[in-house]
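This briefing is meant to be read alongside the sequence and the coordinates. It moves from the fold as a whole to a helix pair, a single residue and the surroundings of the ligand.

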Amino acid sequence: MSMRDRAAQPHLSSSPRRRGSIQASDERKTEAWMDPGLRRDDGVSRSVPARLRESLLLPVVLICALISTFAHAADRLAAPHLGKPMTAGEAAKWDLSVFPDGKGLPEGKGTAADGKSIFVTQCASCHGDGGRGATAEELVAEPQPLTEAGASKAIGPYWPYATTLFDFIRRSMPAGAPGSLSSDDVYAVTAYLLAANGVISETDEMNATTLPAVKMPNRDGFDWIDVKH
Ligand code: HEC
């Protein structure tokens, strides 16, 4: 290639050579680092222990940082410093589970007659007159075979335990104000719904003893799963 041709070349043509020269000087530096006998560009000869100290510095700093991170994490686990301890009264508001055998039922009582006015004023707007269904589920229906397509899952034909009904109403109804009913109110409206489904009579009082003794029509209609096996 003549000088003129070279001048006509785009400027780019010199770049591979420039890159090459950088690589060469990098290689020299690497060699200087690896070979303890070589002098570095600054002309100062370094002893092996000095360089050893340099090379140990980074790992030591990293290990210290790690130890301090773990120490802080352990500190946080031991004392999260979040929120404040729950009082027994606050915990009781969440301790609502009523079990099928009636464990967890509170003191109190009510009959269907007591529950009717509660149902009319606080429940019928969503569940319909007499619990026959409106915007929310129907709660009352005649006993019927559940094997038919579209069978009702209202309380009478479907629910296996009366205690579950108390639990559901106490913790979640009326939908706009859960927890607002007293224990007597919940017993009363539960009695109202059981009577409307023909499971108990209008005059039967529901309380912590009588409610678990109610046998729902579909009690034996479920295949129970034994979770122990
Ligand atoms: C604002 C509307 C509204 C009001 C008022 C209301 N409910 Fe409900 N209720 C619902 C809705 C919606 C559901 C379905 C919720 C779900 O399945 O999670 C429901 C579900 C239920 C169920 C379970 C039905 C089932 O078969 O799964 C019962 C029992 C019940 N309500 C009782 C009551 C009682 C008793 C009252 C009055 C004290 C009441 N509800 C007031 C909206 C309402």
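The points below are grouped by topic.

The model is a predicted one. Its chain has 229 residues, of which 19% count as buried, and its secondary structure comes to ten helices and two strands.

**Overall fold**

- Read from start to end of the sequence, the elements follow the order α-α-α-α-β-α-α-α-α-α-β-α.
- Among the contacts in the chain with a separation of 6 or more, 58% join residues that lie 24 or more positions apart.

**Packing of H8 against H9**

- Two packed helices are described by the angle between their axes and the distance between the axes.
- For H8 and helix H9, which spans residues 183-196, the axes come within 10 Å and cross at roughly 130°, which means that H8 is oblique to H9.
- The crossing in which H8 passes H9 is right-handed.
- On the H8 side the contact is made by Ala 162, Leu 165, Phe 166, Ile 169 and Arg 170, while H9 contributes Val 186, Val 189, Thr 190, Leu 193 and Leu 194.
- Sorted by class, the residues in this contact of H8 with H9 are eight nonpolar, one polar and one charged.

**Phe 166 within H8**

- Phe 166 is found in helix H8, and it is one of the residues through which H8 makes its contact with H9.
- Phe 166 counts as buried because it has 27 C-beta neighbours inside 10 Å, where 20 or more are required.
- Leaving aside residues up to four places away in sequence, Phe 166 touches Val 98, Leu 105, Val 186, Thr 190 and Leu 211; of these, Val 186 and Thr 190 are also listed on the H9 side of the helix contact.
- Although Phe 166 and Val 98 are 68 residues apart along the chain, their C-alpha atoms are separated by 7.7 Å.

**Surroundings of the ligand**

- There are 18 residues around the ligand, and those that come nearest are Cys 123, Cys 126, Ala 136, Pro 174 and Ala 175.
- At least two residues of this shell are supplied by each of helix H5 (112-122), helix H6 (124-127) and helix H8 (162-172).
- H8 therefore appears in two of the topics treated here, as a contributor to the shell around the ligand and as a helix oblique to H9.
- By class, the shell around the ligand is made up of twelve nonpolar, four polar and two charged residues.

Terms used: Residues are numbered from 1 along each chain as its sequence is written. This is a predicted model: local features need pLDDT of at least 70, side-chain atom pairs count only at pLDDT 80 or more; totals for chains, interfaces and linings use all residues. A residue is near a molecule or strand if its C-beta atom, placed from the backbone, lies within 6 Å of it. Helices (H or I, at least four residues) and strands (E, at least two) are DSSP runs, numbered from the N terminus. Ala, Val, Leu, Ile, Met, Phe, Trp, Tyr, Cys and Pro count as nonpolar, Asp, Glu, Lys and Arg as charged, and the others, Gly among them, as polar. Axes are lines fitted to C-alpha atoms, for helices over the stretch in contact, and angles run from 0 to 180 degrees between N-to-C directions. Angles under 35 degrees count as roughly parallel, over 145 as roughly antiparallel, 65 to 115 as roughly perpendicular and the rest as oblique. A crossing is left-handed if the near helix is turned anticlockwise from the far one by less than a right angle, and right-handed if clockwise. Two residues are in contact if their C-beta atoms, placed from the backbone, lie within 7 Å. A residue is buried if 20 or more other C-beta atoms lie within 10 Å of its own, exposed if 12 or fewer, and partly exposed in between; C-beta atoms are placed from the backbone.
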